[in-house]
Each structure stands twice: as structure tokens, then as C-alpha cells.
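Open the model in your viewer and keep the sequence panel visible. The tour goes from one selection to the next and says what is there.

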Amino acid sequence: MDILIPDSWLKSIIKTNAKPEDIAKYLSLSGPSVEKTTQEGKDTIYSIEITTNRVDSASILGVAREISAILPRFNLKASLLPIKVPKGLHFVSNVDYLNTKIDNKLCYRFAAVLIKNVNIKESPLWMKERLEKVGIRPLNNIVDISNYLMIELGQPMHTFDYDKIKGAKMILRESKRGEQITTLDGKSHILKGGDIVIEDASSKLIDLAGIMGGDLSAVDEKTKNVLLFVQTYNPVNIRRTSMYLSKRTEAAVYFEKGLDPELVSFSLKRGISLFEQITGGKAQKNVLDIYSNPYKPYKVKVNLEFLYKRLGLIITPKTITQILNPLGFDLTWQKDSFAAKVPSWRAKDIKIPEDILEEVARIYGYHKLPSNLMTGLLPDKLPDAPFDFELKVKNLLKGWGLIEVYSSSLVPKEFTEGNALKLKNPLGNESEYLRTNLRESLISVVNENLGEKEPFGLFEMANVYLPQKNQLPDEKMILAGVFKDFTYRRAKGIMESLLNSLNINADYIPEDLNHFKPSHSVTITNGKIKLGKFGILNTKNLIYFEFPVDILRATSKILGSYKPIPKYPSQIEDITLFIPSKTKIGEVIKTIKTSNKIIDEVVLRDIYKDSYTFRVSYQDLQKTLTDKEVEKVRNELLEKLKNKFGAYQKN
């Protein structure tokens, strides 16, 4: 989350003589990162990155609080200036100017105040200039005050034309599926259900809460009475609605991160102050405040020995207090420990002593902590770590020209098989299920590259997610790939080479498998172990392979079997055979190999129509073979091939 903060606005609530370059430098060292600074006239604009868990610092006030703790560590004075708010207001659960019915599970704190007799006009110059510097276009004083307070305090707020709220009644509830609302930007939205909405006494929706107000209650040039409205909502509902409707407003970005409910009352007081000053309106003294579960302060106890051991140095209790107090922590000291009372705006991320330790370390300065190089021997690799094996397989396939791809684990329903797991809050129909196979993802990648004219092969090694009853899914690592415009033999040769490189003796058993053309698929086995499958898919004649990686790794061997170099030379010859069509050449090669023990190796060297040339090596480990001995074996072999397959030599 990136925010813009003008130096002039920042220094309206923090007293310091630090130069902008010092603020940018030291804030980045110990707090939110200042990505860049830009000059606008005499003013400096800070572009600051706020991490998601620190929404409390996503405002002028939040950054000023950080600065008040950080700059003194670099010998620069800094202290927060009070923000003036009116006194004499009464926060009550019932008011005579508004009837309400609130779902406390959706809205943690609901506060509103009626401001009468406002005068809508342009905002004062100082406010317009500040808003323009943070990228917000001034509209009128009513809208500008709401935007101003969101930037200054980090609390979105909304204004209604009070006289347009039928029956002076608000019902905050979940939307029903199919309900429709038109927002301030003139766009109509059909709601999915579960959105936070507000309706008035006429049962019409007047607000898409936390996202954008409705046009039925919009403030216009005729507005005289304004309802200033400040809430904190269930962040899950806000996030879901914002993403589903693709409506990423500034308010939604704040609310979905979980705002501090305690900030509501101060923001409302500050809002009343600005409204009365700029619009001339007069706020009611009774402020509606429905707060069913107020924040209960708690303490985190930290032992000094624990702190010193992890920091690697000793910091005095005085220094610890000077670090934590400006951040809002009240400390109670004992002899060798302290208890830190956690402020409401840090309740979501400060829970355990390590969290306090982190605050002390970052403000003190990570760059000041001692750094020692590790000593001792480097630890051995985990004995069963899969990463080396996976990398080896990937490199082998890349070496044979295949391209590794990465596809999303979230897929449409048509890509899945069986009872695939569906996301509760998908971003769209194209990513609502966890995939159960890689095949459809790879086919999709091929379809995206149909313009490629040359043959190509793709592979992916990734998890699939198989449902288990009452449990998390079984995540299985799968190696899968497709070949486009490859010959079957070329693709199968790559599979054979892969398994040979992994020292796996594999058999290819013809079997009709799902998703493959009939009589065009094989199950790859090692003894009784099923390694994977290979064949031609029904889809676009793509050749597909698939292996469970854990089985492949368990079956592979680091070293193959040792075969001593023979003492006696081998005889090698090429035999060309005419073999009837539809004969399985793998069975022919297997028959040649097993026909006699002196046949050491058989390689298919060439193919022309129905003519196949095999290179046969004859080897006897006990002696040198004579031509007559080889001739006898050859003749027996040819006779066997003729009887079994109808194969013959042409004279």
C-alpha cells in the first residue's frame, strides 16, 4: 500500500527541525520505507510504502507517530503536536435524529452525528492544496473534508444528505443475492449476497458500506443537513465485495485491512471540528455511537534477559522506554522485566514478547545491532530432500529441447476431474477450482501458442490437489508434458532417455487409458510399480506424458549397475528386416535381445517405409566369437522373427 505525504502537512502535526532528506533516510531505516521524494514548489512529497499489517501507519498521523520515535534515535528532536477536537460532545447509543438496526458481526463500531445548516461551497485554499498534493481532486467542502480526514487520520468516513434518508432510519445488514444498488459514480451493481449494505425506511439501499455511497442519499448543492458517518467493518466482507465488483476505492483498501475501532470517536470529533469551521454547520451534541465490544487493553510482559539475548547487546531501561513510549506503549517496570500496555492501533500485530522485541530492534536500528559470521561446519543436506532430484529432471528435459512452463493452480471447472475443491471466494470463473491434473493446463498453454510453426515440447512440475474427506487436499507433485507436432518415436525416445538417465529399467505396457486415443497409449512400469503414462491424446494429436514425482524419485538410482569392460571384442552388424505394418517394434527388439545370450545390444538405426535396420552387437565374455558362431545365432534369430512376426530379409 503506497501513500503520498506532503512535508508541509506532516509538520502540521509533528514538531521537528529535521530536513526532508533526513526524514526520508531515517524513516526508511527504521520504519515505513520512503520509496522516493518529489519536489512541488517549496514542498517535498514523500512516497511511502506501508506494509499490509501496519494500516495504523497509513496516514499523516501514523507516519508522524513513527517519526516521533525514530528521529530522536538519530539525535533529531521530534514530538507529536496535538490535533484540536471539540469538547462537550456526548457519545450515546440512542439519538432522536436517527433510528438504527445494526448487525454487529458486520460493523464493529457504528458512529454518526447530524450537522445542520451546512453551506456547500469550495474548500479553503490550504485544504485544496494539500489534497492536490496527495493526488485527490477537490470537489466541494463536504467531500473534501471526508477525503482530508482519511489521509490525515487513516479513517474513511462518509456523508449522507440527512433529508434523503427516508424515515431517518438506517438498517445495516448483509445484502441478498440479486439486490441492486447505484453508487455515487452512477454505476449500477447487482450484488452477489453477503455484502454490507444500508437501507432506509423505504427498504431502498442507500449505501454500499465500506466501498462507496449510494446515489439515493448523495450530498448535492441543495443539501442543508449532513449526517457524518464513521464506522469500522468486518474486513472480510469488504474485501470480498471490493474484489467481486472490481471496485477498488481508497475506503475499501483501508477497511479491508482491519481498522482500529478506537479511532472512530477521535475521527468523528475531528470531522465535527472541520465541518463547523469550513461549512458553518452546527453539530448535535449527542453523537450516536454503537460499540458492542469495546477494546480491552492488555499487556505483553517482556523479560530483559530475553530481550538482550536476542538483540545481542544490552539496552538500558531508559532507552527502551524512550523507544516504546512515542509508539503508544505504556510501560510498567519491574526489576528484570517490563509489561507493555498495547495501544488499540497495534492490537492486531502485537501479541507476544517477540513482537515487542521487533519494535525495540527496528527503532533502535538494525544497522546498530552486532553482526557475527556463522562459525562451524556447514550443515549436511537433508537426506531425503527432493530438490536436487527435481532440478536434475528439469535440466534433463531442458537439455532435450523441452520448455518449462508455470501455470496457475486455480483453474475453471472444465479443467478438473471428480470432486475437485472449489474456492469460497474465487476471483472469477477461470480460477475457482484447485486443479486435479496438469494435462488441461498444458493443453491450454499449447492453445495459447498455436502460432508457433515449429514442433515444440512443454513440461511442468507442480502440485495437483486431490480432495480428501474432512481433511486438507492431498498435494501430489506431478511431472507432466506435451509434445506438439513431434513424431511418436521422437517423443518416446525422450521418455526412454529420461528414464535411462535416472537409471530406471522401464517397460511400456500397451493399455487403453482415459483421455488417450484407443490403442495409442502405454503404462510405464518398473516391475510391479506403475511409473506413469504416455501416449497420444484425443485433443489435437498432442503427445502427453505424466509421472508422479515421488514414485519416480523412489524408483530412480543415483548410480546404475556396474558392467565390467569385456576382455574379448564384440562383433557388430546391421540387419535390415521387412516387418508387416502395425507390428510393435518394441516387441521385435525385445525378442532379438532375448533370443540368445550372446546378443548384447540391439539398437534401431533406421526406418524406411516397412524396412527397419537394427544394429546388433554379439558378445561372449569368455572368448572371441567366430563368424560361424555369429552366423548360426543370426540364422536362428531370423527364423524366430519370421515365425513370430512375419519379418524377413530381402535378398
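Leaving aside its neighbours within four places in sequence, which residues is Ser 265 in contact with? Select Ser 265 together with Phe 91 and Arg 109: these two are its contacts outside that stretch, where contact means heavy atoms within 4.5 Å. The model is a predicted one, in which local features need pLDDT of at least 70 and side-chain atom pairs count only at pLDDT 80 or more, while totals for chains, interfaces and linings use all residues. Residues are numbered from 1 along each chain as its sequence is written, and side-chain values use heavy atoms, with hydrogens and water left out.

Stay on Ser 265 for a moment. Ser 265 belongs to helix 8, residues 263-278. Helices (H or I, at least four residues) and strands (E, at least two) are DSSP runs, numbered from the N terminus. With a relative accessible area of 18%, Ser 265 is buried; buried means under 20% relative accessible area, exposed over 50%, and partly exposed in between (1.4 Å probe, protein chains only).

**Salt bridges**

Next, select Arg 248 and Glu 256. Their side chains form a salt bridge, 2.8 Å from N to O. The term stands for a side-chain nitrogen of Lys or Arg within 4 Å of a carboxyl oxygen of Asp or Glu. Arg 248 is partly exposed at 40%, whereas Glu 256 is buried at 13%.

Move to Glu 417 and Arg 439, whose side chains meet in a salt bridge of 2.6 Å, N to O. Glu 417 sits in the loop between strand 23 (410-411) and strand 24 (433-434), and Arg 439 in helix 13 (residues 439-447), so this pair ties together parts that are 22 residues apart in sequence. Here Glu 417 is partly exposed, with a relative accessible area of 34%, and Arg 439 is buried, at 5%.

Then pick Glu 496 and Lys 492, where the salt bridge is 2.7 Å, N to O. The two residues are four apart in helix 14 (residues 488-501), which separates them by about one helical turn. Glu 496 counts as partly exposed, at 30% relative accessibility.

For a group, select Arg 54, Asp 56, Glu 66, Arg 346, Asp 349, Glu 359 and Arg 362: salt bridges that share partners join them into one network. How many salt bridges does a search of the whole structure find? The search finds 31.

**Two helices**

Show helix 12 (residues 387-399) beside helix 14. They pack at an angle of about 145°, with their axes 11 Å apart. Axes are lines fitted to C-alpha atoms, for helices over the stretch in contact, and angles run from 0 to 180 degrees between N-to-C directions. To see the contact, select Lys 392, Val 393, Leu 396 and Leu 397 of helix 12 with Ile 494, Leu 498 and Ser 501 of helix 14.

**A sheet**

Last, find the open sheet of three strands, in the order 1-4-3, with antiparallel pairing. Two strands pair if DSSP finds at least two bridges between them. Strand 1 (2-6) and strand 3 (33-40) are the edge strands, each pairing on one side only. The twist from one strand to the next averages 20°. Strand 3 and strand 4 (residues 43-49) pair over seven bridges. Select Gln 39 to find one bridge: its partner in strand 4 is Thr 44. Finally, add helix 4 (residues 125-133), which packs on the sheet and touches strand 1, strand 3 and strand 4.
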